[in-house]
Amino acid sequence: MGRTSQALLLILYVFMTVKAFEMEIIPANRIVAQIGETLILTCNTTGCASPSFSWRTQMDNPLGGTVNNHRTYSTLTMNPVSIVNSHDYLCTVFCGEKEKKEKSIKVELYSFPSDPVIEIRPSLVAGEPVTVICKIPDVYPSDHLEVLLKKEGYTLHEEDFYGDDSTNTETKTVTYSFHPTAEDIGKEITCVAKLPIAYMDFEPKERVTSQKLNTNFGPKNTIITASPGNSPMEGDPLKLTCVTESNPPTQIVWRKHLADESIQHLVENNVLSVPHTRFTDSGLYICEVINLVTNKTEKATVDIVIQGAPNITELSIEPSITVQEGENVSIQCSAESNPPPKIILRRKSDSADMGSYSEGRILLLPSVTFLNGGDYECIAENKFGKSKSEITFNVEYGPKNTMISVIPATAVKEGETVMMKCTSSGNPAPVISWKKKTATGELEKMFKDATLHIQNVKSQDMGLYECEAYNQFGREEKAVKLLVQGRLEKTDQMIPLIIAFSCVTAIAVPVVAILIYVSRKAKINGSYSLVKALRLKV
């Protein structure tokens, strides 16, 4: 097979294995969304490494949502869905400069969020007319709405809104009056609302509410139920539901007693929901129900206690995390939990029987020293767990424990090397300087560092050396005396001395011999003349 054929086969193989550029919109089918909810459209691609996306409506109206582009897909989020989102949405994808694909999807809207509300007025009295009012909240599209009013299954009234031209959600009302009889007391009036839109797939398409023909009463027997209970764990959801007996239905208001004895207004609804509870959600909750017709009010209460492991809310040092020696200091730790936590404050390196330690929220450190500085920790613990927090305490002080070390020793021979090292503790770290006492007795500054090196020591290096450690809180001095010993001369320097000594010895020996000889002659002759003797010798 020739090279040309092989190349063609390779190109064909690559072409067959590379995915073609495609796109899709998810959800793929026609979308029916309820007004007030959240809708996310996703435009997804395959076969393109770096696509670019654009969204628009086919009539170029505002999108009514938020676009987020990712590597291979793009989302259009409508939160909440509103009437402006009733459009055909078009997603266009470009792959490079030449390839382009687009698809559209239609978003259709409806609103049928809650059951009808029945109101019967005035109070039921036999022989007097009664008006039944049925309200269907936030309906769209209302031109499909059908309403029936029934009494014990018998249809009293039918009404539809086919000719309605509302362009947004509206609350629709159906009213019907009749003369009840004594036998009608206790019977049910039912309002049936239907939204039968054949081309839209949603549930429910029918909502029903019933109410008995009774005299106005209540509220009474008001109770609160807590789910999952009165003592949920921190972070869990909490749902409080207030239920009462009343005709007509009551207005409901939730309130909460705060720690300062004030009352916080929460919501006006029969259900109070807390998605993620915190310790601060503990307290006494009040449900107040009001019947505006009977002008009566009733209250119910429930005590909620949030349980959980401790959470440290404060760890502080007074007057500051940085103080000077001698000041009085307090370390404070606060934690919230239920049951209440056991709090331990201590130095991080200390155990319960050592050093600074407190089983309580305050640790007092009177007249602190540099030894009190360091890391402190607060430990809060109960049966559900524990938490820790740390803080660093800084004590500033002047130089202490200043010391000098000399290597090899304080007494050395000429020509050796000496190292003097000065150490000192302090906060901030002390600055070290060296001085030497002069012949006049004054101290002369010579070096500013912790270590002083003297190489090839000479006799003039002998003397008193002083190390000074200082910072803004004080200074401290230490001194050391350096002794320098002389050394023997080298061999080549001793040769002239040896020669001189030899010469003196050579002269001195004959002289001594002559003196001995003269002395002996004097003893024999009784007298002796050195001059004569020398002449005879000559």
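This report describes the disulfides and the largest pocket of a predicted model.

**Disulfides**

A search of the whole structure finds 6 disulfides. Counted along the chain, the bonded cysteines follow the pattern 1-3, 2-4, 5-6, 7-8, 9-10, 11-12. Three of the links are set out below.

| Pair | S to S distance | S-S torsion | Handedness |
|---|---|---|---|
| Cys 43 and Cys 91 | 2.1 Å | about -90° | left-handed |
| Cys 48 and Cys 95 | 2.1 Å | 100° | right-handed |
| Cys 422 and Cys 467 | 1.8 Å | about -55° | left-handed |

Cys 43 belongs to strand β3 (residues 39-46) and Cys 91 to strand β7 (residues 88-95), so their disulfide ties together parts that are 48 residues apart in sequence. Cys 43 has 0% relative accessibility and counts as buried; Cys 91, also at 0%, counts as buried.

Strand β7 also holds Cys 95, whose partner Cys 48 sits in the loop between β3 and β4 (52-57), 47 residues apart. Cys 48 is buried, with a relative accessible area of 10%, and Cys 95 counts as buried at 14% relative accessibility.

The third pair connects strand β32 (residues 418-427), which contains Cys 422, with strand β36 (residues 463-471), which contains Cys 467; the parts tied together are 45 residues apart in sequence. Both cysteines, Cys 422 and Cys 467, are buried.

**The largest pocket**

The largest pocket holds about 830 Å³ of space. Its lining comprises 30 residues, and Val 117, Pro 248, Pro 249, Thr 250 and Gln 251 lie nearest the centre. Elements giving two or more residues to this lining are β9 (117-121), β10 (130-139), β15 (206-212), β17 (238-247) and β18 (251-257). The most is given by β17, with 6 residues. By class, the lining divides into 13 nonpolar, 12 polar and 5 charged residues.

Methods. Residues numbered from 1 in each chain as written. Predicted model: local features only at pLDDT ≥ 70, side-chain atom pairs only at ≥ 80, totals over all residues. Heavy atoms only, no water. 1 Å grid on protein atoms, 1.4 Å probe; cavity = no way out; pocket = protein on both sides within 12 Å on 5 of 7 lines; lining within 4 Å. Points joined across faces, edges and corners; volume = space filled by probe spheres on them. Helix = DSSP H or I, 4+ residues; strand = E, 2+ residues; numbered from the N terminus. Nonpolar A, V, L, I, M, F, W, Y, C, P; charged D, E, K, R; others polar. Disulfide = S-S within 2.5 Å. Buried < 20%, exposed > 50% of the residue type's maximum accessible area, 1.4 Å probe, protein only.
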